[in-house]
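Q: Please explain how the terms applied to this structure follow from their definitions.

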Amino acid sequence: MTSDVAVDDSGEGYPDVVRVGAPTERRNPLSLDLDLMPTRDVLRVINEADRRVPEAVTAVLDELTETVEFGVRALRAGHRVHYFGAGTSGRLGVLDAAELAPTFNSPKHWFCAHIAGGPSAMWQAVENAEDDEAAGSAEAKDCVQDGDLVIGLAASGRTPYVLGALRTARALGAATVLLCANPAADAAGEVDVFIGVATGPEVVTGSTRMKAATAQKLVLNAFSTAVMVRLGRVYSNLMIDVVATNAKLRGRMISILMEATGCSEDVSRQALTDTGGDLKIALVSLVSGAGVDEARTALARSAHQVRGALALLAP
């Protein structure tokens, strides 16, 4: 069965339509009388459906592992990760990319999010933007380079804007991934990694902002976090590259340093003062016993990997 069935309507002035046969467009038998249910039952049905999403993500961990390896390889080589999406899927890509710099202090050019219709599509639907395969292709041609990783986000697995970007990116030499909620998507064979999360019919038919979007958020969270872990921006399970832009985050830096080193609050505060607020240098200095300059040099020699720097400073 194909993902889409094009329908030619001969009605005067009626635009072309596409009927999508993805699982997300089918009716969920557990919510057929949703509009007749008491509020508590509506919430129960939604919650029970949501509980199945993590299990569906578990089934694609092998594909997600491969995607993380592609991402690490691209960033280590000086390339970038791109998200191309439309509608809710595109907004989730923008959200994931936007959160990485403040959380992990990742360079802003590492993760680039592209949404059909441009920035205004974050707040309102842009008519026919997702149907514009040429626009996705043109945007990829403008920004994607050989060695990049391009991840397409499309609940149905058939969004033309997304597929246009993926096809052009692959022709340019980028690694490509398609993340969708349709395990039978026709485009599965056109990418290096296909992640089809089987979230099934939505509680509200076709409303892919629900389970399909939840699955995409879980996958993107896991993907980008694992990439940051692999790139040394986490020590143990602590955010050692957090950007302290407010009082709460400055307090978190002290707490992280205390947890990681076992030092007192006063010692941790002083270490951050001595390093100009650089948590990584303070951490390496306190754990190794080395001076601030030695710690800074060791981090530079180890590509800013804390464990690598500590190994260099070990007796």
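Q: Where do Arg269 and Glu265 lie?
A: Arg269 and Glu265 both lie in helix H9 (residues 265-274), four residues apart, about one turn of the helix. Helices (H or I, at least four residues) and strands (E, at least two) are DSSP runs, numbered from the N terminus. The model is a predicted one: local features need pLDDT of at least 70, side-chain atom pairs count only at pLDDT 80 or more, and totals for chains, interfaces and linings use all residues. Residues are numbered from 1 along each chain as its sequence is written, and side-chain values use heavy atoms, with hydrogens and water left out.

Q: What makes the pair Arg269 and Glu265 a salt bridge?
A: A salt bridge requires a side-chain nitrogen of Lys or Arg within 4 Å of a carboxyl oxygen of Asp or Glu. The closest N and O atoms of Arg269 and Glu265 are 3.1 Å apart, so the pair qualifies.

Q: Why is Arg269 called partly exposed?
A: Buried means under 20% relative accessible area, exposed over 50%, and partly exposed in between (1.4 Å probe, protein chains only). Arg269 has a relative accessible area of 44% and is therefore partly exposed. Its partner Glu265, at 38%, is partly exposed as well.

Q: How do you know that Glu190 and Arg167 form a salt bridge?
A: Their side chains meet at 2.6 Å, N to O, and the pair therefore satisfies the salt-bridge definition. The pair links distant parts of the chain, with Glu190 in the loop between strand S6 (175-180) and strand S7 (193-196) and Arg167 in helix H6 (residues 160-171), 23 residues apart.

Q: Why do Glu190 and Arg167 count as partly exposed?
A: Glu190 counts as partly exposed because its relative accessibility is 32%. Arg167 counts as partly exposed because its relative accessibility is 34%.

Q: Why does Asp148 have no salt bridge?
A: The nearest side chain of opposite charge, Arg80, is 4.2 Å away, so the salt-bridge criterion is not met. Lys and Arg count as positive and Asp and Glu as negative, while His and the chain ends are not counted. Asp148 is buried and is found in the loop between helix H5 (133-143) and strand S5 (149-153).

Q: Which backbone nitrogens does the side chain of Asp148 reach?
A: The side chain of Asp148 reaches the backbone nitrogen of Arg80 at 3.0 Å and that of Gln145 at 2.9 Å.

Terms used: A polar contact is a pair of N or O atoms within 3.5 Å; within protein, one must be able to donate a hydrogen and the other to accept it, and residues adjacent in sequence count only if both atoms are side-chain atoms.
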